[in-house]
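The exercises below ask you to read packing, burial and backbone geometry from a structure. Each task sentence is followed by a solution in steps.

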Amino acid sequence: MPANTTFAIDLDRCWGCGTCEVACALEKKSGPGTGRIKIEEVRGKNGEAIPGSLQGRGFVPILCQQCEDPACAAACPAGALSRDAAGFLAFDAELCLSCGLCESACPYGAIQLAADSGQPLRCDQCASRQSAGLLPACVQHCPGKALAIVAEGKEADRGTESGRGPKRAWSIGRVDYLSRGIGLSDRSPG
Amino acid sequence: MEQAREKRKRFAAQVCGGLAGPTMGGAEPAPRFAAVEPASRPAARETDEPSASARFLFEATRRAAEAEGLEIIPTCCFSCNTACEVLAFREKATGRIVKIEGDPSSPVTHGVACAKGLAAADLLYNPGRIKRPLKRIEPRGAKPAACPASPASPTSQDFSGEAVPPGWKEISWDEALEEITSRLLKYRETDGAKSIAFLEGTRRGWSRVYSRLANAFGAPNHGAAGWAQCLWPRLVDCKVTFGGAQYPESCDFANTNCVIVWGSNPAATWPLQGAAIMDAAERGAKLIVIDPRLSETAAKADTWLRLKPGSDTDLALGFLHVIIAENLYDRDFVENWTVGFEELRSHVAWRTPEITEKLTEVSAAAIREAAIAFAATKHACISRCVSVDQTADSVQTCRALSILIAVTGNLDVPGGNILVSGRGERSQNSHEFILADTIPLEIQRERCGYERFPLLCGELSSVPSAHMPSLWRTVLTGDPYPIKAALIFGSNAAVSYTNTNVVTQAMEKLEFLAVCDLFMTPTAQMADIVLPASSWLERDNVISSFQTSLDYSVIQRKCSEPIGESRSDVDIVCELARRMGLGDLFWKDSEALYDYLLAPTGLSLRQAIEKRRLHAPLKYGNYLKSGFKTPSGKVELFSSVLASKSCAPLPPGSPRPKEEGKPEAEGQSKEAGKLGDAEYSLDFSTGARSIFFRHTENRRNPWLISQNPHPTVYINTETAASLGIAEGDLVEVQTPAGSARLHAKLERDLALNFVEAVPGWDGEGNINRALGWERFAEGIGTVPMRGLKCRIKKVSDAS
């Protein structure tokens, strides 16, 4: 997988349809309901605007954030999870004890244990597809075009042709969440 | 599991907080900010040829497939009418379709596909597929015992593996078709063709050849569960207002500066259109969404108008009042191209925003603002879909929107509502193709509902057809004549009709029922003969639809050998026609039909398959050349045609449930009949949809049912609280006509005292069980599914 890419999620374009969840489960052949990307719905208090929705109904796709200091790797007693040279979370199935500590450790609920093997199911940004020159299954199929793989430093590629001004990004790892920052003007900090 | 869900919820809130303000949600790891400049993206607007990057992605896909021993079959999906171009991946060694993906080289979809299409290989390998023609060996009414239940619902019967369903035996195609033919010919001889109902369902791409069979056979009682509730009201509107040109059905989103999405939720029901709308909104176009629920589409809106369910026509007329009062109408267009403007002006004169607020529960200020935004923005469009077909005044709701489009000068201009014409191929959607005039007028007059519903049963209808509630009543009562047999292709009638209990009683009363479908649906289980149909992956097709694209027709290519002995519906219809002595009016097989349809383009089906799609550039201002094929030659704001059919020439306004007369349905129990209307005090619609299903389809698909395992009913949070209903509770929705049980989904933003159910489930979750036939829309006989009344109870309290 290219070392210099970021997974970008444009909240302004996600309407929570769940296509990414199904595309992932099918691509990974891990059974119905096992998509490694999952969408959570967020409501603005009293209907106020939130990123992605002026009307206060937003959707946030959640997947492995590829943390700089991954809690799952720290928790793994067998060293099956680690950060590779390119900065992505790597997994060695041979070492995995199926203990489930990684799932408990992930602060973002982005690891699910396989029903059969008990091993972690987590997003690898479709490394095999990307090395074949393809987009991750969720990125290609997202009807709203909310998902993208972009080269770092090329933020421009993530944007959309927008008459509504620039977007900003927020990230804790190698997944960037984007939005026009709806509500910036009318929300007080804290 | 639950813990992971909680963590995701917390993180989602953190992401939103992080994006909303620098000091919010900052307790966790330090966020990295970057202002992202806007940049261009491939426009959603279709171009003639795939871009270089699209071709590159397609080639990469092909190479990756090759490496895995797979070959790629380009085709288009028919999991819904959008017909997105997709790639089927076929294992070379076995011929098995292992996956389906969007086609990155498609100039229409740019590679996207929704969950329904991605998971569609299950259509081939689902163990429930019917593989050979079946004949009932147990008496009708006797339910087969001991069948494993499908995950969808405990009442749904499913059959696995090669086993023949209990109570049935496999027979040859020859025997099955011979029995159907001989039975139908015998009924025609003894009781007349009117004694046989030719029924169908949602188009699987073949339906007009089925209509042709019905008409060639001479059967006036042809119809579908949808039609009067789906698309036909819009098309009747197009006919009477614009002379048949379907201007309002397509929008030029690529060039628009304002979109009103009227009652539909394309994010869930028409993702490609949803994306086009979002592209427009991202570009800066104003997005106004009208819906009683904060739908996924409404969530993206600049303005969301939460109207009272079923008050659409009132709201549209209120808009017209503002637009005329503020002189924001297009004077040139109105003067040169319309008739009836002065009648319209006086018709809406009393409908001030303040009065409209009382009728629609949308604030007067919001009405004024939205109407002005729509009329003052050049150019603007209205996106409408099935919701406007399902009001209590269906055609008139559609008319009100067409009038809005016309008087604001948004007809067939860049950014407005536009006309999509064909790509040169013959259309199946013509009275000529379906041989509508073959049936003598005196026979047509015997069609169920003919006198009362001329817009559905007569020449103004896309397919002149029976009024289905009238037909089912005739089946039950034998009045005015017996209907003894039915042939049902691709319709899960026992689930998809309103007033389910009455319809299933009627179906049980039929002497002979033959059903053609993929699965042993509740409908197929009632049949005497079941024919196995093939899915879209097993056949070719030529798909020309405004629902697919503004400027392409797409070609579907067979990807798999038929499962078992299943056959394409078109082939079955052609073979039935031959056996009925109608062979000279039909084709040898489906390929011959598509060759015929494509002939004017100079292409055979085989050539078209290689070419994959036909293109014709969009043209604006078509009416400047051709005018309007209405009696006046202009857009008829005041409809002379409707007046001639004793229908209101201007939309009178949304009918109020309480103004309706005595219920005329026989579907009510005696107990329910005693209850006063006041008890049914909640507003009720069956308008919500899930992206994972189309109508009654896909509930057997494990990849999709796992995403949405239960029937859903949306309930306003406060309303639910007052009734002790919590999220996920099983709730009984009750009306005088019946009841259904669905799982509560609480919605804070739903209109107050509003209950909205998702239809399409079988068994006790089927909301159609709660929809009666108390009233029908004027002229067309639509069974209203918006603006109804119900009451709800938590199931533990229900009985």
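An axis here is a line fitted to C-alpha atoms, for helices over the stretch in contact, and angles run from 0 to 180 degrees between N-to-C directions. Helices (H or I, at least four residues) and strands (E, at least two) are DSSP runs, numbered from the N terminus. This is a predicted model, in which local features need pLDDT of at least 70 and side-chain atom pairs count only at pLDDT 80 or more, while totals for chains, interfaces and linings use all residues. Residues are numbered from 1 along each chain as its sequence is written, and chains are lettered from A and ligands numbered from 1 in the order in which they are written.

**Exercise 1.** Describe how α6(B) and α21(B) are oriented to each other, and state which residues meet.

*Solution.* Two packed helices are described by the angle between their axes and the distance between the axes. For α6 (residues 207–217) and α21 (residues 569–579) of chain B, the axes come within 10 Å and cross at roughly 15°. Angles under 35 degrees count as roughly parallel, over 145 as roughly antiparallel, 65 to 115 as roughly perpendicular and the rest as oblique; α6(B) and α21(B) are therefore roughly parallel to each other. Next, take the contacts, where two residues are in contact if their C-beta atoms, placed from the backbone, lie within 7 Å. From α6(B), Val209(B), Tyr210(B), Leu213(B) and Ala216(B) meet Val570(B), Val573(B), Leu576(B) and Ala577(B) of α21(B). Finally, classify them, with Ala, Val, Leu, Ile, Met, Phe, Trp, Tyr, Cys and Pro as nonpolar, Asp, Glu, Lys and Arg as charged, and the others, Gly among them, as polar. The residues of the contact between α6(B) and α21(B) comprise 8 nonpolar, no polar and no charged.

**Exercise 2.** Establish how far α18(B) is covered, what its buried residues pack against, and what follows the helix.

*Solution.* A residue is buried if 20 or more other C-beta atoms lie within 10 Å of its own, exposed if 12 or fewer, and partly exposed in between, with C-beta atoms placed from the backbone. In α18 (residues 468–477) of chain B, 8 of the 10 residues are buried, and the helix is mostly covered. The buried residues include Met468(B), Leu471(B), Trp472(B) and Arg473(B). The partners of the buried residues of α18(B) are β7 (196–200), β8 (222–224) and α20 (500–509) of chain B. After the helix comes Gly478(B), with a positive phi near 70°. In the loop between α18 and β16 (485–489) of chain B lies Pro480(B), which a cis peptide bond with omega of about 10° joins to Asp479(B).

**Exercise 3.** Decide whether Trp270(B) and Met526(B) are buried or exposed, and find what each touches beyond four places in sequence.

*Solution.* Trp270(B) sits in the loop between α8 (266–269) and α9 (271–283) of chain B, and is buried because 25 other C-beta atoms lie within 10 Å. Leaving out residues up to four places away in sequence, Trp270(B) touches Thr82(B) and Cys385(B). Met526(B), in the loop between β17 (512–517) and β18 (529–532) of chain B, has 22 C-beta neighbours inside 10 Å and so counts as buried. With the exclusion of residues up to four places away, Met526(B) touches Arg140(B), Ala494(B), Met507(B), Glu508(B) and Leu513(B).

**Exercise 4.** Find the phi values and the exposure of Glu361(B) and Leu435(B), neither of which is glycine.

*Solution.* Glu361(B), in the loop between α13 (353–360) and α14 of chain B, has a positive phi near 65°. With 19 C-beta neighbours inside 10 Å, Glu361(B) counts as partly exposed. Leu435(B), in the loop between β15 (417–418) and α16 (441–444) of chain B, has a positive phi of about 60°, and with 17 other C-beta atoms within 10 Å it is partly exposed.

**Exercise 5.** Work out the strand order of the sheet that contains β14(B), and identify the edges.

*Solution.* Two strands pair if DSSP finds at least two bridges between them. The open sheet has 4 strands in the order β12-β11-β10-β14 (chain B), with parallel pairing. Its edge strands, each pairing on one side only, are β12 (303–305) and β14 of chain B, and the twist averages 15° from one strand to the next. Strand β10 (residues 258–262) of chain B runs parallel to β14(B) and is joined to it by 5 bridges, with Trp262(B) opposite Arg384(B) in β14(B).
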